[in-house]
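Please open the structure in a viewer and set the display to cartoon, with side chains hidden for the moment. The tour proceeds by selection, and each stop states what is to be found there.

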Amino acid sequence: MTPKTQLTGTAGPTTGAPAPAAPGIDRVHGTIQRIAANVEQVLVGKPEVVRVALVTLLAEGHLLVEDVPGVGKTSLAKALARSIDCTVSRIQFTPDLLPSDITGVSIYNRQTESFEFRPGPVFANIVVGDEINRASPKTQSALLECMEEQQVTVDGDTYALGAPFMVIATQNPVEMEGTYALPEAQRDRFTARVSIGYPDAKAELAMVDEHSGHDPLGQLRPVTDSAEVQELLRVVSQVHTSTDIRRYAIALVTATRNLAELRLGASPRSTLQLVRAARAQAALAGRDFVIPDDLQAVAVPVLAHRLVLTSEARAARRSATDLVRQLLERIPVPRGDTHDERG
């Protein structure tokens, strides 16, 4: 069996003296450890990927899983969904998929002589979108309102989505025939992007030993429910973020807009989601206040997929991930007490 995930993250110097955590933080840490152990029964040897997925869940965001075929993208999404006792739906994106196939449609009822709305698969707590880039941009745009405002508007009527609500989408960046690149507005609505990558030899051997005789997804059981997840989200939203930490986040995002290698830097939405993800990371580490380590641990998955490189940077084989890491080394880290403003 694989070891349990240690959901702490490692990056940069630790700032601020230890302080007792709020009681709810211990609950967050314990519940997330159980979810992580559950997911790792399916996704073997990828604790960092599991960490980013759980940070995204606690940040009330959406996750984009981008990698080559066969590394466990869909398995990660399904395992996370099955670990929570809530409503789950799966959408297989195809070129002929219509927006109404996602959001739902109004159908005329001849008996009542009125239109009735029939909800689509987006009306679930966790929506798994498989191969999202195989659908047309028109169909992809059906998720924009859902992901940002947690509501759906059909024929002039607005319908609220349930809470919690999370979209976990997968896409294959290699096989580009018959695919459509995600519009920048769509990518910007994903809180984080993660690439799973190939397992090392030890992890792949463990996967063969554990998965060859049975399907681990079929045996997975929920370890929490939607009501508890909503309580965890409430606790995480109250994690303290000092003025210095907020300024540090703004400095990182602003710096992306001034890089010569980028045609498009990170948006103000990026700043909000970076801070939310840092709060979630702090809660996973058992703290009720954010330190620079937390921001650095989530900066790459939150920022890199939003950056658009210039053609010259692509020709020089630069990557958005490398640029974000360089900014983390260059931007001064706040050294003050990160939890001294709590009242």
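The stops below concern a predicted model and pass from the sheet to the salt bridges.

**The sheet**

Select the five strands of the open sheet, which follow the order β3-β6-β9-β1-β10 with parallel pairing. Strands β3 (88-92) and β10 (192-194) are at the edges; each has a single partner strand, so one side of each lacks a neighbour in the sheet. From one strand to the next, the twist averages 15 degrees.

Next, restrict the selection to β1 (residues 63-66) and β10, which pair in the parallel sense over three bridges. Within this pair, valine 65 is located opposite valine 194 of β10. Add helix α3 (residues 73-82), which packs on the sheet and touches β1, β3, β6 (126-130) and β9 (166-171). The direction of α3 makes about 165 degrees with that of β9.

**A salt bridge between two strands**

Now show the side chains of arginine 193 and glutamate 66. These residues form a salt bridge in which the closest N and O atoms are 3.3 Å apart. Arginine 193 belongs to strand β10 and glutamate 66 to strand β1, so the pair ties together parts 127 residues apart in sequence. Are these two residues buried or exposed? Both arginine 193 and glutamate 66 are buried.

**A salt bridge between two helices**

Move to glutamate 228 and arginine 34, a salt bridge with its closest N and O atoms 3.9 Å apart. The pair links distant parts of the chain: glutamate 228 is in helix α10 (residues 226-237) and arginine 34 in helix α1 (residues 23-40), 194 residues apart. Glutamate 228 is buried, with a relative accessible area of 17%, whereas arginine 34 is partly exposed, at 39%.

**A salt bridge within one helix**

Remain on helix α10 and select arginine 234 with glutamate 231; their salt bridge has its closest N and O atoms 2.6 Å apart. The two residues are three positions apart in helix α10 and are therefore separated by about one helical turn. Arginine 234 is partly exposed, with 39% relative accessibility, and glutamate 231 is also partly exposed, with a relative accessible area of 24%.

**A network**

Finally, select Glu148, Asp188, Arg269 and Arg306, which are linked in a network of salt bridges. How many salt bridges does a search of the whole structure find? The search finds 13 salt bridges.

Definitions and conventions
Residues are numbered from 1 along each chain as its sequence is written. This is a predicted model: local features need pLDDT of at least 70, side-chain atom pairs count only at pLDDT 80 or more; totals for chains, interfaces and linings use all residues. Side-chain values use heavy atoms; hydrogens and water are left out. Two strands pair if DSSP finds at least two bridges between them. Helices (H or I, at least four residues) and strands (E, at least two) are DSSP runs, numbered from the N terminus. Axes are lines fitted to C-alpha atoms, for helices over the stretch in contact, and angles run from 0 to 180 degrees between N-to-C directions. Contact means heavy atoms within 4.5 Å. A salt bridge is a side-chain nitrogen of Lys or Arg within 4 Å of a carboxyl oxygen of Asp or Glu. Buried means under 20% relative accessible area, exposed over 50%, partly exposed in between (1.4 Å probe, protein chains only).
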